[in-house]
Amino acid sequence: MARLRMLEHTADVGFEVEADSLAGVFEAAADALLRVLFEGGLPRRGRRRERLALTAPDLEALMVRWLDELIYRVQTRGEVPVCTRVQLGAVPEGQRLEAELDLLPFEEVQDRFAGEVKAATYHGLVVEGADGRFRARVILDV
């Protein structure tokens, strides 16, 4: 089970998520991003599914790439990833994320859109695990 805590930050928005697995932290971060982008709850089923693969040199860079990809999909491609399933693994280049996204057209939820997010940042970024729990702290540039 994942846990979310919103963080106060001067000109930006932040959140901290915790889960039983590293993949769960990436899924919870996607959910937290949607809470920032949209007011009220969103459906948990999309109209279509798509697979996505990303690589990065480390977990922190992978988290930024993951969230920036989701921001791009919402704000540029008009696709809202209402549900994500993530798998992570090490590769020679560093870390790899494979995800299955349930996508909903932006038009179906645009009345709940709270405003644009520019990007995930490296400021204060943490992705770590200890004692069988994993957590991430992320600040978004809004």
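## A tour of the aromatic rings and the largest pocket

A search of the whole structure finds three aromatic pairs. The model is a predicted one. We will visit two of the pairs, then a pocket.

**Stop 1: F38 and F106.** Select both rings. Their pair is tilted, with 6.1 Å centre to centre and 55 degrees between the planes. Now trace the chain. F38 sits in the loop between α1 and β3 (48-56), and F106 in the loop between β5 (94-105) and β6 (119-120), so the pair ties together parts that are 68 residues apart in sequence. Is F38 buried or exposed? F38 counts as buried, because its relative accessibility is 2%. F106 counts as buried too, at 17% relative accessibility; the cut-off for buried is under 20%.

**Stop 2: F113.** Keep F38 selected and add F113. These two form an edge-to-face pair: 5.6 Å centre to centre, 65 degrees between the planes. This pair also links distant parts of the chain. F38 is in the loop between α1 and β3, F113 is in the loop between β5 and β6, and they are 75 residues apart. At 25% relative accessibility, F113 counts as partly exposed.

**Stop 3: the three rings together.** Show F38, F106 and F113 at once. They form one aromatic cluster.

**Stop 4: the largest pocket.** Stay on F38, which is one of the residues lining the largest pocket. Add the others: D31, L34, R35, G40, G41, L42, P43, R44 and V82. The volume of this pocket is about 160 Å³. Which helix gives the most to the lining? Helix α1 (residues 22-37) does, with three residues. Colour the lining by class: five residues are nonpolar, two polar and three charged.

Methods: Residues numbered from 1 in each chain as written. Predicted model: local features only at pLDDT ≥ 70, side-chain atom pairs only at ≥ 80, totals over all residues. Heavy atoms only, no water. 1 Å grid on protein atoms, 1.4 Å probe; cavity = no way out; pocket = protein on both sides within 12 Å on 5 of 7 lines; lining within 4 Å. Points joined across faces, edges and corners; volume = space filled by probe spheres on them. Helix = DSSP H or I, 4+ residues; strand = E, 2+ residues; numbered from the N terminus. Nonpolar A, V, L, I, M, F, W, Y, C, P; charged D, E, K, R; others polar. Phe/Tyr/Trp six-rings, centres within 6.5 Å; stacked < 30°, edge-to-face > 60°. Buried < 20%, exposed > 50% of the residue type's maximum accessible area, 1.4 Å probe, protein only.
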